[in-house]
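Student: Could you take me through one part of this structure closely, and then show me how it sits in the rest? I'd like to follow it on the screen as you go.

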Amino acid sequence: MDTQNPSVRPHAQSRNSGKNHPHRHTGGHAHPGGVIHDNTRHTTRFTVIGNHLTQHPDLSLLAIGLACHIQSLPTGAGIDIKSLAARFPEGPTRIAAALRELETHGYLSRTRERTPTGRVVTRTVSRNQPRGHRDRAAPEAAPPKLPARRTATAPQQTPARPRALPAVPKPAYSSPTLLQSATEVLAGLRRTDPRLLLSATDTEHLAPGVAAWLERDLTPTAVRHALTSDLPPEPLRRPAALLAHRLTAQLPPLPPYHAPEPPPAVRHPLQNCQGCDRAFRAPAPGRCRDCRSDLPEGHLA
């Protein structure tokens, strides 16, 4: 009975052996331990989250959960520390640390920008793919010539240097007091129009032009009115360039030249003539003109 018949064709083995059958010795489960997923397919109100985030080896659990929450929010939702601390029980310190983690690993970027009204705001960009991961995956899916095109277009993506401001008039006789008055005029323009908020570099460039106006017998109020009146209603992209153009194009003429008046004639005090006792004007006591003419020639008056 134990002898195998060599002429009998061997039977095909079962796909799952008895000891490897998924429903044997495990009560109907493939694995005796670990998580079991009972999933339902979502059709509405869901967010796709990559495993590179949910299984990130370096991010904390708070950072992973916070990133998933941020990616599920609509565009424009507030995700500053104050708003998140009001939404979750974690305090501002832990939430700030988690945001820094996401920023370090490329899931978040925060930049500070100045609005046309002069207010400084924080712009936050959330990424469902970290920037480094996206850069590494791009060459694999790109055609062979893509790296060469990137190299060729790289200089076009370099931000252009800001254009130099136009030249402004120079005062004929500059002095520290005149330049200080010009700087105060420029610093006060933002009180008239918030769009005219100038940097220290722009103020230093424009101050000689304002000084050239002030030395033409214009008051600081008149210069301020000339620079701020009839401004365009749209946002000013380069307010310093606009002011430099106005300082040059609308420079008033020099005041007319007035010759200095001659000094008044010297009026000497009255003296009593020593000859006729008549009053006459002279720098010192002596004789009047008539008495001096009556004296013989060579006689001292």
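**A close look at helix H10 and its surroundings**

Tutor: Happy to! Let's warm up with one side-chain detail: Arg 87 lies over the face of Phe 88, 4.5 Å from the centre of the ring. Please keep in mind that this is a predicted model. Rings do not pair up with each other here, since a search of the whole structure finds zero aromatic pairs.

Before we zoom in, here is the overall setting. The protein has twelve helices and four strands. Of its 301 residues, 24% are buried. The accessible surface comes to about 23,300 Å², and carbon and sulfur atoms account for 54% of that surface. If you take the contacts with a separation of 6 or more, 49% of them join residues 24 or more positions apart.

Now to our chosen part, helix H10, which covers residues 220-228. Find Val 223, Ala 226, Leu 227 and Thr 228: these are the buried residues of H10. What do they pack against? Their partners are helix H7 (176-187), helix H8 (189-192), helix H9 (200-214) and helix H11 (239-249). Just follow the chain out of H10 and you will meet Asp 230, whose phi is positive, near 55 degrees. As background, most residues other than glycine have a negative phi.

Two of the buried residues of H10 lead us into a bigger group. Val 223 and Leu 227 are among the residues with the most contacts inside the largest nonpolar core, which has 23 residues. Leu 186, Leu 206, Val 210, Leu 243 and Leu 247 are also on that list. At least two residues of this core come from each of H7, H9, H10 and H11. The helix that gives the most is H9, with six residues.

To see how such a core is knitted together, pick Leu 206. Setting aside residues up to four places away in sequence, Leu 206 touches Val 168, Leu 186, Leu 198, Ala 240, Leu 243, Ala 244 and Leu 247. A second core, separate from this one, has 15 residues, including Leu 53, Ile 64, Leu 66 and Leu 102.

That second core takes us to helix H2, residues 61-71. The buried residues of H2 are Ala 63, Ile 64, Leu 66, Ala 67, His 69, Ile 70 and Gln 71. They pack against helix H1 (51-54), helix H3 (81-87) and helix H4 (92-104), and also against strand S2 (120-126). Cys 68 is partly exposed, with a relative accessible area of 23%, because that value lies between the 20% limit for buried and the 50% limit for exposed.

Let's stay with cysteines for a moment. Why does a search of the whole structure find zero disulfides? Take Cys 291 as an example: its closest cysteine sulfur, in Cys 273, is 3.4 Å away, so the two are too far apart for a bond. The cut-off behind that step is 2.5 Å between the sulfur atoms. Cys 291 is itself buried, with a relative accessible area of 12%.

Back towards our starting region, look at two loop residues. Pro 252 lies in the loop between H11 and S3, and at 17% relative accessibility Pro 252 counts as buried. Neighbours within four places in sequence aside, Pro 252 is in contact with Trp 213, Arg 216 and Leu 218. Asp 217 is 35 residues from Pro 252 along the chain, and their C-alpha atoms are separated by 9.8 Å. The other residue is Ser 174, in the loop between helix H6 (146-157) and H7. Ser 174 is partly exposed, with a relative accessible area of 47%. Although Ser 174 and Ala 211 are 37 residues apart in sequence, their C-alpha atoms are 7.6 Å apart in space.

Finally, remember the positive phi of Asp 230. Arg 45, in the segment before H1, also has a positive phi, near 50 degrees. At 83% relative accessibility, Arg 45 counts as exposed. Asp 277, in the loop between strand S3 (270-272) and strand S4 (279-281), has a phi near 65 degrees. With 57% relative accessibility, Asp 277 counts as exposed too.

Methods: Residues numbered from 1 in each chain as written. Predicted model: local features only at pLDDT ≥ 70, side-chain atom pairs only at ≥ 80, totals over all residues. Heavy atoms only, no water. Phe/Tyr/Trp six-rings, centres within 6.5 Å; stacked < 30°, edge-to-face > 60°. Lys NZ or Arg CZ within 6 Å of the ring centre and 35° of its normal. Buried < 20%, exposed > 50% of the residue type's maximum accessible area, 1.4 Å probe, protein only. Contact = heavy atoms within 4.5 Å. Core = buried A, V, L, I, M, F, W, Y, C linked by side-chain atoms within 4.5 Å. Areas by Shrake-Rupley, 256 points an atom, 1.4 Å probe, with all protein chains shown as cover.
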